[in-house]
Amino acid sequence: MNVGVIGSGTMGSGIAQVAATAGCQVMLFDTNKVALDKAKDTLEKILNRLIEKERINDDEKNRIQSNISYVDSLKDLSDSNLTIEAIIENLDIKKKVFSELENYVAKDCIIASNTSSLSIASIAASLQNPERCVGIHFFNPAPLMKLVEVIPAIQTSEEVLKKSIDIISDWKKVVAVAKDTPGFIVNRVARPFYGESLRIYEEGIADFATIDWSLKTFGNFRMGPFELMDFIGNDVNYTVTETVFTAFYFDPRYKPAFTQKRFAEAGYLGRKSGKGYYDYTKGAVKMTPKKDDALGTLIFERVLAMLINEAADALFLNIASAEDIDNAMTKGVNYSKGLLAWADEKGIDWCVNKLDELYDEYHEDRYRCSALLRKMRRDSLTFF
């Protein structure tokens with residue numbers, strides 16, 4: 001199978017590695033030759049590390065490398081059976097690239113976008129044959145993260161959807177099918193992990209380190225929200241939040257935080273800039289959390305209730321199945337449990353009561369309880 005990947009940044013290079021490892025012939029495209037050379041060098045280093053860890057041998061390394069060609073013209077993707085775009089999150093630029101690409105590839109070539117939050121329907125509309133377009137959203141780093149969201153637009157044909165699912169499954173990834181709505185599954189459901197944590201900070205309840213400690217200690221999250229935002233980049237995370245907020249017609253559940261906006265404006269982007277919510281410069285004083293169990297539990301349960309509410313609402317609005325929602329959160333962002341399974345464990349009563357407590361305190365629509373949770377409590381139902 002021939003696969004074209006558009007964009008040789010971290011995500012595009014990662015997707016190319018995944019496809020090449022699965023035995024596909026990959027054409028990695030970028031207009032920037034320096035970026036292509038960097039992608040080639042980075043892959044060499046990654047594969048050498050895998051050899052050191054005894055996960056692959058020299059023959060496997062050579063096989064993967066020989067499966068990838070580095071090209072600087074879209075015409076070089078003409079033999080592709082599947083093309084995946086992984087460039088800047090700008091709708092106009094994506095549409096322009098897809099419109100040009102369609103002139104070179106065969107009519108049965110699947111044209112996919114790796115966008116994390118933009119409308120697949122809008123991207124598909126740039127094509128003369130929009131039924132061939134689908135969202136195929138990998139998570140960073142693509143070779144390590146098991147989840148891939150597959151998002152059909154309203155124009156996507158059933159055949160293209162099925163082929164896309166089969167291809168990604170053959171690449172040894174876990175597929176979660178999501179409706180074409182802002183943020184799909186993960187970037188929609190995960191918003192409270194960041195947003196509610198920022199709100200807790202802005203209210204003066206706890207500092208960054210204490211909130212991170214609370215969620216890692218009581219929720220077994222691998223990284224706290226502020227550590228994770230620093231890892232992702234405050235500019236990137238803020239842009240996704242702002243995009244989802246705007247796309248949902250300014251629903252207060254997705255309202256961005258001024259704290260993150262100011263950090264992004266100041267250039268405090270996180271690890272990549274040397275400073276974010278934490279200071280990563282050499283010799284910087286490490287922030288110490290206040291390890292108070294009562295406070296930690298309060299913070300964790302508030303964030304968890306909001307996450308569960310978002311997951312329940314995604315199910316209520318048929319964004320994805322319960323299984324795919326929980327797979328998305330465990331395989332896409334490494335949550336220790338699926339949020340709907342977590343809701344069953346805590347009890348639907350607990351979920352509804354916790355959200356109602358927050359709503360009674362703030363009287364903000366941000367804290368409205370999902371209609372599905374209320375219905376489930378009324379009918380004594382569970383998710384699984």
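How many of the six residues of strand E6 are buried? Select residues 133-138 and have a look: six of six are buried, so to speak a strand that is mostly covered. Keep in mind as you click around that this is a predicted model.

**Stop 1: the two faces of E6**

Leave E6 selected and show its side chains. In a regular strand, side chains alternate between the two faces of the sheet. Here, Cys133, Gly135 and His137 sit on one side, while Val134, Ile136 and Phe138 sit on the other, and both sets are buried.

**Stop 2: the neighbours of E6**

Now add residues 110-113, which make up strand E5. E5 and E6 pair in the parallel sense, over three bridges. To find one of the pairings, pick Ile111: its bridge partner in E6 is Cys133.

Next, add residues 147-152, strand E7. This strand runs antiparallel to E6, and five bridges join the two. Pick Ile136 and you'll find Val150 of E7 standing opposite.

**Stop 3: the whole sheet**

Zoom out a bit. Eight strands form an open sheet, and its order is E3-E2-E1-E4-E5-E6-E7-E8, with mixed pairing. At the edges are E3 (68-71) and E8 (174-177), each of which pairs on one side only. Going from one strand to the next, the twist averages 25°.

For another parallel pair, select residues 82-85, strand E4, which four bridges join to E5. Glu85 is the one to click here, as Ser113 in E5 stands opposite.

**Stop 4: helices on the sheet**

Select residues 91-101. This is helix H4, and it packs on the sheet, touching E1 (2-6), E4, E5 and E6. The direction of H4 makes about 165° with that of E5. Helix H14 packs on the sheet as well, touching E7 and E8, and the direction of H14 makes about 135° with that of E8.

**Stop 5: Asp326 in H14**

Stay with H14, residues 322-332, and pick Asp326. Which side chain of opposite charge is nearest to Asp326? That's Lys331, 10.0 Å away; Asp326 is buried yet has no salt bridge. Leaving aside neighbours within four places in sequence, the contacts of Asp326 are Gly338, Leu339, Leu340, Ala341 and Phe384.

**Stop 6: the nonpolar cores**

From Asp326, hop over to Leu339. Sequence neighbours within four places aside, Leu339 is in contact with Val189, Leu304, Leu307, Ile308, Ala311, Asp326 and Met329. In soluble globular proteins, nonpolar side chains tend to be buried together.

Leu339 belongs to the largest nonpolar core, which has 83 residues. The residues with the most contacts inside this core are Phe193, Leu339, Leu373 and Phe383. Select residues 293-316 too: this is helix H13, which gives the most to the core, with 12 residues. Apart from that core lies another, of 36 residues, and among them are Val5, Ile15, Leu43 and the Ile136 you clicked earlier.

**Stop 7: Val160**

For the last stop, select helix H6, residues 158-170, and pick Val160. Is Val160 buried or exposed? Val160 counts as buried because its relative accessibility is 10%, and the cut-off for buried is under 20%.

Val160 also takes you back to where you started. Val160 and Cys133 are 27 residues apart along the chain, and their C-alpha atoms are separated by 7.7 Å. Beyond sequence neighbours within four places, Val160 is in contact with Ile110, Glu131, Arg132 and Val134.

How values were computed: Residues numbered from 1 in each chain as written. Predicted model: local features only at pLDDT ≥ 70, side-chain atom pairs only at ≥ 80, totals over all residues. Heavy atoms only, no water. Buried < 20%, exposed > 50% of the residue type's maximum accessible area, 1.4 Å probe, protein only. Lys, Arg positive; Asp, Glu negative; His and termini not counted. Salt bridge = Lys/Arg side-chain N within 4 Å of Asp/Glu carboxyl O. Contact = heavy atoms within 4.5 Å. Pairing = 2+ DSSP bridges. Axes fitted to C-alpha atoms, helices over the stretch in contact; angles between N-to-C directions. Core = buried A, V, L, I, M, F, W, Y, C linked by side-chain atoms within 4.5 Å.
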